[in-house]
Amino acid sequence: MKKKLFFFIFIFFLSFIVVFSFILYKNSQKSKITINVYNWGEYISDGSNGALNVNEEFTKRTGIYVNYSTFQSNESLFAKIQNGGAKYDVIIPSDYMISKMIKMDMLKKLDFEKIPNYSHIDESFRSLEYDPTNEYSVPYTWGLVGIFYNKKLVDEEEKNINWNILWNKKYSGKILMFDNPRDAFAISQIRIGISLNSSKKSEWLKAANDLKQQKPLVQAYVMDQIFDKMSNGEAALAPYYNGDAATLLERNKDIGFVIPKEGTNKFVDAMCIPKNAEHPVEALAYINFMCDPKIAAENIKYIGYSSPESAAKSQLDPKVANNKICYPDDQVLKNAQVFTALPDELNAFIDSLWVNIKTGEEGNPFALIAVLIGFILLYLIVFLLKKKKNKTV
Amino acid sequence: MKSKLIYKIYMSLAFFFLYSPLLVLIIFSFNESKSRNVWSGFSLKWYLKLFSDKEILHAIFNTIVVAAVASILATIIGTIACLGILKLNKFSKKLIMSINNIPIVNPESVTGVGLMLLFVFSYNNFKILRPGIFTLILSHTTFCLPYVVLSVLPKLRQINQYIYEAAQDLGCAPFKAFFKVILPDIMPGIASGMVMAFTLSMDDFVISYFTSGTVQTLPIAIYSMTRKVVSPEINAISTILFAVVFLLLLAANFKQVKIYK
Amino acid sequence: MKIKNFSIVYILWMLIFTIIPMALIFIFAFTDKSGEFTLENFFYVGRYSNVFLRSIGLGAISTIVCLILGYPLAYIISKISVDKQNIVIMLIMLPMWINFLLRTYAWMTILENNGLLNRFLSILGVAPISFINTSGAVVLGMVYNFLPYMILPIYSAIAKIDKRIVEAAQDLGAGKCNVFLKVLLPLSLPGVISGITMVFVPAVSTFIISKMLGGGANILIGDLIEMQFLGSTYNPHLGSAISFVLMILIFISIGIMNQFDDSDEDLDEVGCK
């Protein structure tokens, strides 16, 4: 009887798998070519709330499928590519990461003849410092860093909000902070007046000490989770990108957004093709498709970041296109600094500073050695005791 | 009888602790609004949305393919290995069993990192084993194998060896003897090993996270959902998973109780 | 072909996918970017000793909490009628079948500052307490996720105990306390030992739980390893060195635990449990 039962479960189990996977296979059947696109989280129009599903539209037009996945920070994108194996066809890193990848020969030169829509990209976004020869990247969006605040929880007036508020003890436990080194350091660097691309270790150390002082006030180091935490009223203050302002302000009426006048960081995210891409031709088609002003406009409408294409901008609702948050005055732009790539050695130094900020005080190596020796001693003691006991028995 | 009452209270508290998070997940999967802790009305829209979400459907497909292939592969290799292990001398047996235990006792993240280094190394040097669904299957098979061996070996040790020899003496070919005599006896061990392998593989996040390359399985998709703007679709997934598992276990248990009676 | 050689595929498989990866971790841990021998990585690991201490501390606390909560529960389960036992055990295992990310995520909604627990407290008139983003929340997440690993082995050890032994002890005049200390506890010790190992190992090495419930500032060894390989600070050599030290710690603690296990170490027992 028991054998029969097992047999029954087994058969049930197998048929369940077969039927289920067949249904799913039908649902997800793919053509021969699938390109892997690796983008930031919440950074594409995905068809929710009636918006155009950009990736599906691409498949509809070209028959090429898109395997879309997302990353949290430039550094983790770099790690995933550097770690080999993962072969993406289109990646969308930010400025400084692009120049680092160009230097390390990780990107393919683009064939601009295959990207006729490149002509729509504004002149001011061509040949920027991260890609001076304009061979490796096509701008996707750009933006600035500002501060989100919950009007119910923050009593300062909007005009008085600047980077210093993130160090204000009054908001202890209500502040969120970037979970990536460059963005987090930038805030402190602007606050104490150091260049974002400083080459002096001492200046980075100074910023690191500043961030360490801030740590007790910080509720959590997060990236896209700020959407959730800010709109639920979990946190009062969070620095993040201006492109997300539209979404957040709409979700919770109490949230405001300020770009501090003292200065901020301006970034450009651009589409690139890694050296080891498997479908570079299809990847070019994807890039070209994304530059189509109509698609770009649909995409921008959903994600809320600023577009490098005037043609796309002109298709937006004038309310959005003239929005000071996404397309701020020259006054603000003038004070904005752009990241550039830093030397490897300095990057490693910054990484260790960053881990130290997050883990608290630098630990004493002897503590670890002591723990290890303690464990071994404990093992020996228990071992000897047992031997003794066995002998007496 | 006072102790009985205390037992009951303690047990109810324990179950409350174990089930309250799941209850929260399930209740809010039927919530009208996007909020995850304010109730605003009943709706099934997150389920509809889930079933039209190609990314998630594809992730479910990947998960099932990997789990099915890895558990079958692990069961076959593990079962055959058990036959051999039993005949080895004491020293080699001990050595193999210690190696078998490594993936079980090793922290998952270390296993994942090690496999990732292996795949990257082999890809960079020999251009084979590019991280993807294939490496995912390989690594899942690796961490399932020990469990299959541990559940088949005891069953194999219990069976009477002479039956096999008797079958051969009576003119049965070795392979036929195996299928007719040994296999039915160790079937419960094989089945439970395979079910265990399947569920372990379905549920694994850490090792897949390090070895999947660009492929997304359901746990990986869930992980990227928890990092982003969290949508109640995630609650809908958990509710469905819970219902499926609950029904399966209920069916199995019901059958068993009937047999006992 | 001899039956002896049947296991060759398995042995090769384990060699390639278990031994070689460990060897690679070992090699990476002792080399630098250019592939030359160095001990520098371990010097850096030393800098993170506070992360190790925190992980071991939180792991130990959650193991103890699991033991304190789990032992009585396992005992109670063994007391109820046999056909009910199966159902209760099934119900304890049921939450384990839901992915741990989802379970941890559910705790997030409960523990948040505006979460369900604080809402409930505010109805009772208690001021909101911040539960989330503390080490307490991380311990809670670990206890919740790993509690069944503690209950199941203890339960099966207690269930195996011959009822007559307990009765004999009672007949000989042992009080409740003595029956527990002199009979039940020693006989269920193997279950306790394997429960402790099964909770402590994953608790020490977990990542994500600390990220989701600890707010990113309570990072643990698992997070540190993840950061070196796929996270914001890419350095596989340092990551390997950290993994290597973690592995040694785990193996020593398992070694210690095995010493307490008095059961037969005869080979034929391996795999029978």
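This passage describes how chains B and C meet and how a small sheet in chain A is arranged.

The model is predicted, with local features needing pLDDT of at least 70, side-chain atom pairs counting only at pLDDT 80 or more, and totals for chains, interfaces and linings using all residues. Residues are numbered from 1 along each chain as its sequence is written, and chains are lettered from A and ligands numbered from 1 in the order in which they are written.

Between chains C and B, 62 residues of chain C are in contact with 66 residues of chain B (contact: C-beta atoms, placed from the backbone, within 7 Å). H1(C), spanning 8–29, gives the largest share of the chain C side, 13 residues (helices are DSSP runs of H or I, at least four residues, and strands runs of E, at least two, numbered from the N terminus). By class, this side has 44 nonpolar, 13 polar and 5 charged residues.

Across the interface, H4(B), residues 90–105, packs against H1(C) at an angle of about 45°, with the axes 11 Å apart. Here Ile96(B), Ile99(B), Ile102(B) and Pro103(B) meet Ile11(C), Met14(C) and Thr18(C). This helix contact holds 6 nonpolar residues, 1 polar and no charged (nonpolar: Ala, Val, Leu, Ile, Met, Phe, Trp, Tyr, Cys and Pro; charged: Asp, Glu, Lys and Arg; polar: the others, Gly among them).

Turning to chain A, 3 strands form an open, parallel sheet in the order E2-E1-E3 (strands pair if DSSP finds at least two bridges between them). E2(A), 65–71, and E3(A), 90–91, are the edge strands. E1(A), residues 34–40, pairs with E3(A) over 2 bridges, and Tyr38(A) has Ile91(A) as its bridge partner in E3(A).

Definitions and conventions: Contact = placed C-beta atoms within 7 Å. Axes fitted to C-alpha atoms, helices over the stretch in contact; angles between N-to-C directions.
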